[in-house]
Amino acid sequence: MGSVLAGFGFSLALIVAIGAQNAFVLRQGLRREHVLPVVAICVAGDVTLMTAGIAGPGALLSGTPTALAAVRWGGVAFLLGYAVLAARRALRPTALTPLDRPPATLRATLLTCLAFTFLNPHVYLDTVVLLGTVAHQDPNRWAFGAGAATASLVWFTGLGLGARRLGPLLAHPAAWRAIDGTIAVIMVAIAASVAVG
């Protein structure tokens with residue numbers, strides 16, 4: 001049980017960091033549009049990458065300096081780019097009005113979700129390399145992985161299905177200024193930790 005709780009806590013700490021994927025899930029939840037398929041893709045993506053990290057490629061990748069450097073610096077560039085976009089949004093905040101746009105097709109929504117899930121180098125650093133490496137240090141790595149997967153399920157389900165309650169708060173530009181400013185700071189901090197890590 002200790003390994004499950006350790007995996008749950010470790011994974012939750014990684015997942016809760018504000019980022020593009022979480023913002024996308026939040027927007028879909030506010031729109032009440034294709035929420036369950038989006039949640040399913042996010043959780044399935046996490047579980048797949050966590051399993052890869054725990055099964056061994058994470059340890060293998062972490063032992064290959066060139067591959068690790070490429071993933072690291074790609075992740076740094078992605079995070080800094082996202083920080084710049086968030087900072088620009090913070091300077092010109094708008095209210096989140098998700099119902100102002102026409103509904104997106106399921107296909108378009110799922111392709112966007114897949115892009116947010118698998119084209120972010122940081123997700124590979126978190127799930128395959130970092131979580132995989134930490135799981136290998138736990139006496140029961142698969143129990144650790146089960147706890148990590150459970151955290152992903154709890155987080156994305158809560159975010160997607162609970163988003164509607166946040167609608168009134170997120171209708172104000174000041175709320176988005178604070179959120180986007182926080183996102184920018186967090187992304188720079190994560191990029192710095194990845195760069196020196």
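**Figure 1. Long-range contacts and overall make-up of the predicted model****.** Among contacts in the protein with a separation of 6 or more, 89% join residues that lie 24 or more positions apart. The structure is a predicted model. Its secondary structure consists of ten helices and zero strands, and the order from the N terminus on is α-α-α-α-α-α-α-α-α-α. The protein has 197 residues, of which 41% count as buried. About 9900 Å² of the protein is exposed, and carbon and sulfur atoms supply 72% of that area.

**Figure 2. Packing of helix 2 with helix 8****.** Two packed helices are described by the angle between their axes and the distance between the axes. Helix 2 spans residues 20-31 and helix 8 spans residues 141-162; the two pack at an angle of about 40°, and their axes are 7 Å apart. Helix 2 is therefore oblique to helix 8, because the angle falls neither under 35 degrees nor in the range of 65 to 115. On the helix 2 side, the contact is made by Q21, N22, V25, L26 and G29. On the helix 8 side, W155, F156, L159 and G160 take part. By residue class, the contact of helix 2 with helix 8 contains five nonpolar residues, four polar residues and no charged ones.

**Figure 3. N22 in the contact with helix 8****.** N22 belongs to helix 2 and is one of the residues through which helix 2 contacts helix 8. The relative accessible area of N22 is 9%, so the residue is buried; the cut-off for buried is under 20%. The side chain of N22 makes a polar contact with the side chain of W155, at 3.0 Å. W155 is among the helix 8 residues of the contact between the two helices.

**Figure 4. Surroundings of Q28****.** Q28 is also found in helix 2. Its relative accessibility is 4%, and Q28 therefore counts as buried. Leaving aside residues up to four places away in sequence, Q28 touches E33, V35, V38 and T109. R164 lies 136 residues from Q28 along the chain, and the C-alpha atoms of Q28 and R164 are separated by 9.4 Å.

Terms used
Residues numbered from 1 in each chain as written. Predicted model: local features only at pLDDT ≥ 70, side-chain atom pairs only at ≥ 80, totals over all residues. Heavy atoms only, no water. Axes fitted to C-alpha atoms, helices over the stretch in contact; angles between N-to-C directions. Helix = DSSP H or I, 4+ residues; strand = E, 2+ residues; numbered from the N terminus. Parallel < 35°, antiparallel > 145°, perpendicular 65-115°, else oblique. Contact = heavy atoms within 4.5 Å. Nonpolar A, V, L, I, M, F, W, Y, C, P; charged D, E, K, R; others polar. Buried < 20%, exposed > 50% of the residue type's maximum accessible area, 1.4 Å probe, protein only. Areas by Shrake-Rupley, 256 points an atom, 1.4 Å probe, with all protein chains shown as cover. Polar contact = N/O pair within 3.5 Å; in protein donor to acceptor, adjacent residues only side chain to side chain.
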